[in-house]
Amino acid sequence: MIIANWKANGDILSNLKWCKFFIENCPKEIISNIGITPSSLHIGQIKDLLESFEVKIGIQDIDSDGGPRTGSISGEMAADIGCDFTLIGHSERRTLFKERNELLKQKIESAYQANLQPILCIGETLEENKQGKTMDILKSQIEEAISNITIKEDFIVAYEPVWAIGTGITPKAKDINVIHEFIKDVVQSQSSDNEVPLVLYGGSINESNSEDFFTQINIDGGLIGGASLDAEEFLKIVNIYSRLITQ
Ligand code: PEP
């Protein structure tokens, strides 16, 4: 799966142009493997524009609950307007909004109650990476977020090293592959039904490096920030992914 994460970008006109280019150029056989997370305000617009296509629409975050929580969007509300999935625990939510694993666990529960597919984002900081703590950090991020939750077969993890997001610096594809295998093992051992998740990589994916990533056996796709804002650039990455998985 390839997911475009637009963050707090986009407006009515640029979204319209993006979708027009996407519809005209996205390989049809891959479209159900593409997800888009526009800003919450633009989800309705994107759903309308892409309604006859099987592309998945997601929300970038949900609150852990609904009701008297001014400014929040609940999982139920996201599902009601037709979202298929929600990101949970993106590193910007963890850093800027101080979201902790305990809260993320509540958000996963909330997503399941609303029938939204949760995509748990995890990743270590540069300091943690340099100290050789990557695997420990990822393990605790996963365990604390899904302990005692019956995860379903469509559970997805996005591994996004914080130091690779928006920096142009990436780990080596082979190293990511090893980390993804570890993530699959950790989730599987937490899962009462032995579920093995898809694991997406995110962090400075672009047209030039994506082939290296997508040829790795344990990299099941990508979460793409900056390079997804330009439809042409995004579709170049989608085309590389499409060619590799249909080979
Ligand atoms: C992201 O924020 O999820 C991300 C992967 O961003 P970028 O592709 O810009 O590094």
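A polar contact is a pair of N or O atoms within 3.5 Å; within protein, one must be able to donate a hydrogen and the other to accept it, and residues adjacent in sequence count only if both atoms are side-chain atoms. The model is predicted: local features need pLDDT of at least 70, side-chain atom pairs count only at pLDDT 80 or more, and totals for chains, interfaces and linings use all residues. Residues are numbered from 1 along each chain as its sequence is written, and side-chain values use heavy atoms, leaving out hydrogens and water.

**View 1. Polar contacts of the ligand.** A ligand oxygen atom lies 2.8 Å from an N or O atom in the His90 side chain. Polar backbone atoms of Gly166 and of Ser204 are each 2.7 Å from an oxygen atom of the ligand. The protein covers 95% of the 290 Å² of accessible area that the ligand has on its own (Shrake-Rupley method, 1.4 Å probe).

**View 2. The barrel.** Eight strands (DSSP E runs of at least two residues, numbered from the N terminus) close into a barrel in the order S1-S2-S3-S4-S5-S6-S7-S8, with parallel pairing (at least two DSSP bridges between two strands). From one strand to the next, the twist averages 25 degrees (axes are lines fitted to C-alpha atoms, for helices over the stretch in contact; angles run from 0 to 180 degrees between N-to-C directions).

**View 3. Strands S1 and S2 with helix H10.** S1 (residues 2-5) pairs with S2 (residues 34-37) in the parallel sense over four bridges. Ile2 stands opposite Ile34 in S2. Helix H10 (residues 231-245; DSSP H or I, at least four residues) packs on the sheet and touches S1, S2 and S8 (222-224), with heavy atoms within 4.5 Å.
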